Each structure stands twice: as structure tokens, then as C-alpha cells.
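Student: I should like to work through this model step by step. Could we begin with the metal site and then proceed to the sheet and the helices?

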Amino acid sequence: MGEWDQEKKDVLVCAKWMSEHGYFGGYRGSGGNISVRIKNQPILAVTPSGRSYWNMTADDICVVNFDLKPLEGQFVPSKEAAMHVGIYKNRTDVNAVVHTHQTYASILAVIDESIPPLFDEETKEFGPVVESVAYAISGSEDLVQNVIKKLGNNCHCYILQNHGALNLGRDIDHAWKNTELLEKVSKIYYAALITGREIATLPQETIDYFNNMRKSS
Ligand SMILES: [Zn+2]
């Protein structure tokens with residue numbers, strides 16, 4: 001057993017599920033990346049760059065420090081690894097990151113639409129808004145900085161303009177659940193938008209109630 005085997009396995013299991021369920025754009029594609037912070041250390045286990053997930057093994061998952069120096073794994077880490085590090089450095093409440101090219105959130109990404117508070121479960125898990133992060137090319141320092149600028153809202157999901165989605169969690173299980181919930185909420189919001197009807201959002205008391213719950217948990 002290696003020191004980081006559990007974290008590498010957690011990243012692999014989540015990545016395979018996301019790939020099989022279309023969250024990375026295509027089953028044989030590699031659109032998206034996942035990481036887990038190694039507990040109390042400036043180190044992360046992260047998916048490798050440009051490789052399909054369907055035949056990936058735990059040994060293919062990279063372990064790098066916050067300077068992106070490789071510590072374990074034979075492949076180059078995801079080109080978005082700096083974005084994951086930027087999140088861990090700025091959000092101590094986050095220990096797992098799932099970046100996807102999931103379909104319905106990507107529809108909102110191309111119309112640069114943030115999601116307002118529509119459902120109790122959404123507001124409880126994500127926070128009061130799913131904000132859109134300004135576009136910058138994948139893997140760029142500009143994208144890292146654009147993401148960091150939005151992290152102060154303490155929310156757990158973001159739309160990446162013309163790109164996809166970013167789902168955070170206190171552990172891999174929560175980041176995974178948030179990813180699925182974001183797709184459901186995005187699908188409903190998209191369908192609601194195209195009706196052209198007025199969209200009802202949650203009352204402020206409900207938003208405050210869940211904000212207080214999130215702060216105390
Ligand atoms: Zn991407």
C-alpha cells in the first residue's frame with residue numbers, strides 16, 4: 001500500500017463515473033479533471049492530462065505538491081492542476097474539486113448565465129448562487145485568477161463561461177453529489193428559461209436560513 005493510495009482511488013472512481021455518465025463530454029474523451037487534497041498537506045492527487053478515463057488505473061493518478069512538482073505517477077498532471085491548487089489555497093473548507101464539461105451547465109456557460117436560488121437543496125449545498133466565472137483559455141493563469149476572484153462567495157458550484165462547470169466539496173463524496181445536483185438544477189433552469197415565463201426564486205428568509213446552516217456546519 002502506498003501512502004496516497006486511498007486518495008488516488010477516490011479520484012479514479014469518481015473520474016470513471018463522470019466519464020461513463022457523460023460529464024466529461026464523451027466516454028473516450030478527457031474533458032474534465034478531478035482532484036483530492038491530501039489531508040493537512042499542500043499536496044493533491046489529480047487526474048493526468050489528456051488521457052481517457054475508461055481504462056485508467058489508480059497508478060495513473062498523479063500526486064503533486066502545490067508547486068505542481070510531481071511526487072508520484074508516470075503521467076503529466078491535468079493542465080488545470082493550477083486551478084485546483086488555487087482553490088485549495090483560497091478555500092480551506094474545500095478538499096475535493098470536480099471540473100466537468102457537463103451538458104446542461106455548459107448550456108448556461110455559453111449564455112454566461114448564473115443560476116439564482118431555485119431550490120432548497122441547491123441553496124443548502126451550493127450556497128445562494130452558482131456564479132459564472134469569466135472566460136479565459138483552458139489551463140491558463142488568467143483562468144486560475146478568474147476562478148480565485150469568485151471564491152470569496154463561499155459557494156460550492158460555479159459555471160465556467162464557454163467551458164463547463166466547477167464543483168467543490170468538503171470531500172470527494174460532496175463534490176461528486178454537487179456535480180450531479182448542479183446538472184439537475186441546470187437542466188431545470190435551462191428548461192424554465194426557454195418557457196419565457198417569469199422564474200420564481202427562493203425568498204430571502206430561506207436563503208438566510210441555509211446560509212446560517214452552512215456557516216455553522
Ligand atoms: Zn475543462
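Tutor: The model is predicted. Along the chain, the donors of the zinc ion follow the spacing H-x1-H-x61-H.

Student: Which residues and atoms coordinate the zinc ion, and at what distances?

Tutor: Three histidines supply the donors, each through its NE2 atom. They are His99 (NE2), His101 (NE2) and His163 (NE2), at 2.0 to 2.1 Å.

Student: How many residues apart in sequence are the parts that His101 and His163 tie together?

Tutor: His101 belongs to the loop between strand S5 (96–100) and helix H3 (103–110), whereas His163 belongs to the loop between strand S7 (157–160) and strand S8 (164–169). The pair therefore ties together parts whose separation in sequence is 62 residues.

Student: Is His163 buried or exposed?

Tutor: The cut-off for buried is under 20% relative accessible area. His101, at 28% relative accessibility, counts as partly exposed. His163 has 13% relative accessibility, so His163 counts as buried.

Student: In what order do the eight strands form the open sheet?

Tutor: The pairing in this open sheet is mixed. The order of the eight strands is S4-S3-S2-S1-S5-S8-S7-S6.

Student: Which strands stand at the edges?

Tutor: An edge strand has a single partner strand, so one of its sides is left without a neighbour in the sheet. The strands at the edges are S4 (70–72) and S6 (131–133).

Student: By what angle are neighbouring strands of this sheet turned against each other on average?

Tutor: The value is an average over neighbouring strands, with direction ignored. It is 25°.

Student: What is the bridge partner of Val46 in S3?

Tutor: Strand S2 (residues 43–46) has Ile43 and Ala45 pointing one way and Leu44 and Val46 the other way, and all are buried. S2 runs antiparallel to strand S3 (residues 62–65), with four bridges joining them. In S3, Val46 has as its bridge partner Cys62.

Student: Which residue in the hairpin of S1 and S2 takes a positive phi?

Tutor: Strand S1 (residues 32–37) and S2 pair in the antiparallel sense over three bridges, and Val36 has Ala45 as its bridge partner in S2. The hairpin has five residues between the strands. The residue with a positive phi, near 60°, is Asn40.

Student: What angle does the direction of H3 make with that of S7?

Tutor: S7 and S8 pair in the antiparallel sense over four bridges, and Ile159 stands opposite Ala165 in S8. H3 packs on the sheet and touches both S7 and S8. Its direction makes with that of S7 an angle of about 60°.

Student: Against which elements do the buried residues of H1 pack?

Tutor: Helix H1 (residues 5–20) has 16 residues, and its buried residues include Val11, Leu12, Ala15 and Met18. An α-helix has 3.6 residues a turn, so residues three or four places apart point the same way. The buried residues of H1 pack against S1, S2, S3, S4, S5 and helix H6 (172–195).

Student: Are H1 and H6 roughly parallel or roughly antiparallel?

Tutor: Among the residues of H1 that meet H6 are Asp10, Val13 and Trp17, and their counterparts in H6 include Ile172 and Trp176. The helices pack at an angle of about 10°, with their axes 11 Å apart. Angles under 35 degrees count as roughly parallel. H1 is therefore, with respect to H6, roughly parallel.

How values were computed: Residues are numbered from 1 along each chain as its sequence is written. This is a predicted model: local features need pLDDT of at least 70, side-chain atom pairs count only at pLDDT 80 or more; totals for chains, interfaces and linings use all residues. Side-chain values use heavy atoms; hydrogens and water are left out. Buried means under 20% relative accessible area, exposed over 50%, partly exposed in between (1.4 Å probe, protein chains only). Helices (H or I, at least four residues) and strands (E, at least two) are DSSP runs, numbered from the N terminus. Two strands pair if DSSP finds at least two bridges between them. Donors are N, O and S atoms within 2.8 Å of the metal (3.2 Å for Na, K and Ca); water is not among the atoms, so sites may look incomplete. Axes are lines fitted to C-alpha atoms, for helices over the stretch in contact, and angles run from 0 to 180 degrees between N-to-C directions. Contact means heavy atoms within 4.5 Å. The expected span of a helix is 1.5 Å times one less than its number of residues. Angles under 35 degrees count as roughly parallel, over 145 as roughly antiparallel, 65 to 115 as roughly perpendicular and the rest as oblique.
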